[in-house]
Each structure stands twice: as structure tokens, then as C-alpha cells.
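Thank you all for coming. I would like to walk you through one structure this morning, starting with its aromatic rings and then moving outward to the protein as a whole.

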Amino acid sequence: MPPAAPLAMPVQALASGSLQARALPSAPPRMAWRRLYMLGGTAALTAVAAWQMWRVLRVDGLGVLEGVLLLLFVFLFAWIAQSFLGAVVGFVLLLSRRPAMLGIDARAPLPSLSLRTGLLMPTYNEDPQRLMSGLQAIYESVRDTDCLDHFDFFILSDTTRTDIAAQEIAEFHALVERTGGQRRLFYRRRADNHERKAGNIAEWVRRFGGAYPAMLILDADSLMTGDTIVRLAAAIESHDDVGLIQSLPCIVNGTSLFARMQQFSGRVYGPVIAHGVAWWHGAESNYWGHNAIIRTQAFAAHAGLPELPGNKPFGGHVLSHDFVEAALMRRGGWALHMVPALRGSYEEGPPSLTDLLVRDRRWCQGNLQHAAVLRARGLHWVSRWHFMIGIGHYFTAPMWAMLMLVGLAIPLEHASLDLQGAAAAFSPVAYWKSLDPQRILWLFVASMGALFAPKLLGYLALLLDPVERRGCGGALRALASILIESVLAALMAPIVMYVQSRGVAEVLAGRDSGWESQRRDDGTLPLSALLKSYGGVTLFGLCTGAVALLISPALAAWMAPVTLGMALAIPIVALTSARAPGQWLRRHQLLSIPEETQVPPILQRAAQLRGRGNTAH
């Protein structure tokens, strides 16, 4: 490690504090109007939809069930309406080719630097060879910019397995020897991984942060080009009020069918959503914990995380620390920006639905934990909005389930089912159509239109960009890929709904998520593990579908979109976790992304090193 350069990082109080600056110099213009469009527009669309739904429900009389259905509908429609309005803005921004935010323009010559930046790569029980290969690719890319003297690279290990730790040390020494980076590459393993990744970063800040005005946070699977890193460092140098700049990582290197679905949807739909989000978040953007550059002094002064009162899972150290760190930095008067137009930032997605759900369970606990942070004094209202969106995300799954069940219970309440055959004619669809067929049809169309608008707008933006279109296999293959992704996502949605609902219940019941290392490439599981993980949801789907069919074929058809996905959970997860279907689709240029057809040099170099023959440039 380099010589110590201590920097104080006091623990912040949630019960006291005040917002230091309401307006910031780097904030985009007309933010009040942008937020009025987003939140006012969401409220207006939701009010119209709620009025129409109320007019449908009152036809057969308003009772408790109808009131519950209306409340669920209002919340869920507002959820998708906000996403819809953001996607519309993002689509317009993509087409208009607006100037880059914070003066970051990838087409301009590389700016000069004057300050030092520490690149921090935390790791926890990861494959050391893979980790060091990715870091070497980043190191070499920074070296190629001729700005290497302004950067030091730190591997911050929280690894608990001694065999992996020994491999880390051996691989680190080999990395230093290959690159000649004795004065640039450093390794540190903590004996006590208190507070997990957040504690790992904070410990570095307190020991070495005084020597580095900026730090760039990476994940173990992150790759960033030297060009992008230099431009981010220059942007934070040239804007005195900016505390954090978040890039938009592109998901790459997917081999399984599930991983390819994730990277395709992120590549095609992600920019539309991200541009819209950045447009209305302005200088109150969020932080995703990696692939972002941070002003070290701002982080040290304001992002020291307190222990939350009470027992796990709500008490203890903050799990989803990035949201909280961003909120506290903004409270301290620092601007937070996202720059979705800047390319050259990459990460890898989970290889299977199982791996995603394991990670999601930890995020669920972390986001529900934010209920204790939401009431902290002095936070900017947009920071509170980030917390509410994060919390609300995990309640949408049980709310969709409740909406479906209440939508079934209301027709049952008004039906006269008997054992002489009346049940066989029972149809929820017929009941709802009988109330107000035209209005219920338009409500369905509006809801589905808002839900699928980001996909449609992402595809339209793709068609209008020749480079992106060719990189995704052309217009027809991209359309086929969207259909494949949408069908598989629809089949997996009931599984996710079931598991997320169970996760919320577990957190509320006091069950901690733990801390598991992540798998990177292979998402396959043996049949015994699939039965253990998905046997319950399969049995639930089969029983529910059978009961519905016994009552009425029309009822079974109404519930089929949910029961089918649950009943087929094991084969769906097995299929999407496998590499063979993903590689077959890749050979036919389906679920393709531009980074596969024209592989960026840093991805090529990382792949070469991971397959090594390790040779330095």
C-alpha cells in the first residue's frame, strides 16, 4: 500500500442536519418545469385513469373489494405512468442529439488532468484471475491515454476464504510484474469486513483518501475505458460543485440465455429510460455503487454511514449504501449527475434468474431498510423520492398479485356459483366486459401501452440509428429479439412476483439476507437445486391452475398468464440458465448488442487475458 494519507470521515446523523444548497451551479436549466412535467404529468394521467376505473367499478356497486382494487390500480398505474413519461423524454433526447452533460463530449480531444484519482476495485470471494485480468485491461487502457501518472489502482479485498485470498496475492504480484505497475497498483485485504462494501470503501478513504481528490468506484466485474475514465476525472475537476458523476454501464459478456436477455434489454431499452431519468433528476441524480467517479472530500465529509437502530434486517449497517451516500452528499450541498450518453462503461449481468433473485433478495432488504433513512432531516425531496421508488419497487410484486386476486374475487362475489353447472360458465373476463366494455378496453390498452412504451420507444430509437441497428442484427432480428425477450420475461414475471413477495414477507418477519459471493459465467444448477428453489412455486402454480380449471375453463384462461409461468418455473429457469440456447441465438444474431459485432478493444483485451497466456502489451 502507499504511504498513509488520512482523511476524516465522520459518521453522519440522520436525526439532525439541513440541506446546504437548494440550487447548484451545475444543475441543468428549468428543472422546476422538468419535474412538473414528470410528477404533474404522472398525477394527471393517474387521475384520469382512476376516474375511468371508478366509473367502471360503480356500475355493479362499490364495496370494500372495489375500494381495494381502485387503490391498487391507482398506485400501479402511477408507477408505470412515470416510467412512460420518462421514456418519452428519453426518446426525444436520443433523437435530438443534445450536447453532452457537464461538457463531457466523447468526440472532443482528451482533456488534460491536474489531480490524482484512485481507482478502487472492491472484491469479495471473486475469481482472482478474472478480477486481475479485468483490472489489467483497465490499467492498460488508462496507460494508452498518456494520463497514467494521474491514477493509482487499488484492489480492496473483503475475501473471507483463505484459499481465494492466497490466489489473490499471487495474481496481484503477477499483475504487477506484467504491467510494471509497482508504483501504481496496490492490494489490501481487510481482516474484518465490517459494513461490507461500504465499510471497505470508507476504510480506504480514512486511511488514504487525503492523497486523492477523486476516487472512481468499480465492481469486480466492471470494465471502463481509459478515455471514459479520463473524461470523468476532467469533468469533476472542472465543476467545483459536483460531488459524483454516475456513468451508465452497458451489460456485456452474457453467455447464457438469461444473461443475453439482460444485456439486450439493457442495451435497447436502457438508454431511453436512463436519458429520461437523468433529464429530470438533474443535479439530484442517484448513485448505483459502481462505475462512478466521486469527489473524495465530499464523500468523506458527508457520506459516513450510521448504524441503523434495532436488530437485523432493518437495523445494523446500511445494506444498499449507495442511495444513502448519494442522499447525504446532496444534503451536504454537492451535485450528483448521471451521464448516460458517455460510452465506455461496462459491467456483467447475473448468468441466471436464480443469481438475479439471490442478489435481489439482498437489495430488497436494503431498500426496505431505507424506510428508516427516509425521514432523515435535511434531505432533498428528490433524494427522498429515490428512497420511495426503491421501497415501492419491492411492494409492486405483492400488489400485482393482490390486484389479480381482487380482480378475481369481485366477479366471484357477484356470481351465483353452484354445483349444478353454473360454475362452468363463470368467466371473470365476461364479468368485467359486462360492466362497461368500451371503457374497460381502453383502460387495458392504456395500461399495456404505458407498460410496454419503453420497449417500443427503445426499438424506434434503434431503428433511427444505423450503427445501433446493425449492431443488434438489423431491424427484423432486433424485432424478433424483442419478441423473444418479452415472451421469456412474461413467463418469468410470475416467478419473480412470487419470490419477491416471499422476500418482502421474510424481511418483514425479521429474516436477514446474508452476504453471498456472486457467480459470473455459469448459471446452471442441478435438478436437486432447481427443485429446492422452485419446487414451491411450481406446486403453487399447478394447484392454482387445477383449481381454476375445475371451477371454469374461462377462469383457468384468466389465470393462465400467471399459473403457466409458475408451473413451468423449473424448465424455464433451466433453459434460460444454460449457455447452449444463448450461444445458438448469438450465432443467429438474436439478442445481439453492438459490443458483440464490433467488440471494443478493452473487452477484447480482458477476454484475451482471462483466457491467457498472460502477456503484457
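Counting the aromatic pairs in this predicted model gives a total of 14. One of them is formed by Tyr 37 and Trp 279, whose rings meet edge-to-face, with 5.7 Å from centre to centre and 85 degrees between the planes. This pair links distant parts of the chain, since Tyr 37 belongs to helix α1 and Trp 279 to helix α8, which covers residues 270-281, and the two are 242 residues apart. Are these two residues buried, or partly exposed? Tyr 37 has a relative accessibility of 28% and therefore counts as partly exposed, whereas Trp 279, at 17%, counts as buried.

Another pair, between Trp 204 and Tyr 212, is tilted, with its ring centres 5.5 Å apart and 40 degrees between the planes. Here Trp 204 is buried, with a relative accessible area of 0%, and Tyr 212 is buried as well, at 2%. Both residues also take part in a cluster, in which ring pairs link them with Phe 154, Phe 186 and Phe 208.

Let me turn now to the helices. The UniProt entry, which is unreviewed, lists as "transmembrane region" the residues 36-57, 69-95, 385-410, 440-464, 533-551 and 558-578. If we look at residues 69-95 in the model, the chain there is 100% helix and 0% strand, and the C-alpha atoms at the two ends are 39 Å apart. Residues 440-464 are 96% helix and 0% strand, with their end C-alpha atoms 34 Å apart.

Helix α13, made of residues 428-435, has Pro 428, Tyr 431, Trp 432 and Leu 435 as buried residues. Looking down the axis of α13, we find these buried residues within an arc of 90 degrees, so they line one face of the helix. What do they pack against? Their partners are α1 (31-57), α2 (64-96), α12 (381-414), α14 (437-463) and α18 (553-567).

Finally, the overall picture. The protein contains 22 helices and ten strands. Its radius of gyration is 25 Å, close to the 25 Å that the globule rule gives for 617 residues, so the protein is as compact as a globular protein of that length. Along the principal axes, its C-alpha atoms fill a box of roughly 85 × 55 × 50 Å. Of the 617 residues, 57% count as buried, and among contacts between residues at least 6 apart in sequence, 85% join residues at least 24 apart. The protein exposes about 26,000 Å², of which carbon and sulfur atoms supply 64%.

Key. Residues numbered from 1 in each chain as written. Predicted model: local features only at pLDDT ≥ 70, side-chain atom pairs only at ≥ 80, totals over all residues. Heavy atoms only, no water. UniProt positions renumbered as here; feature names shortened; annotations may be inferred. Helix = DSSP H or I, 4+ residues; strand = E, 2+ residues; numbered from the N terminus. Buried < 20%, exposed > 50% of the residue type's maximum accessible area, 1.4 Å probe, protein only. Arc of directions from axis to C-beta. Contact = heavy atoms within 4.5 Å. Rg over C-alpha atoms; globule rule 2.2 N^0.38 Å. Areas by Shrake-Rupley, 256 points an atom, 1.4 Å probe, with all protein chains shown as cover. Phe/Tyr/Trp six-rings, centres within 6.5 Å; stacked < 30°, edge-to-face > 60°.
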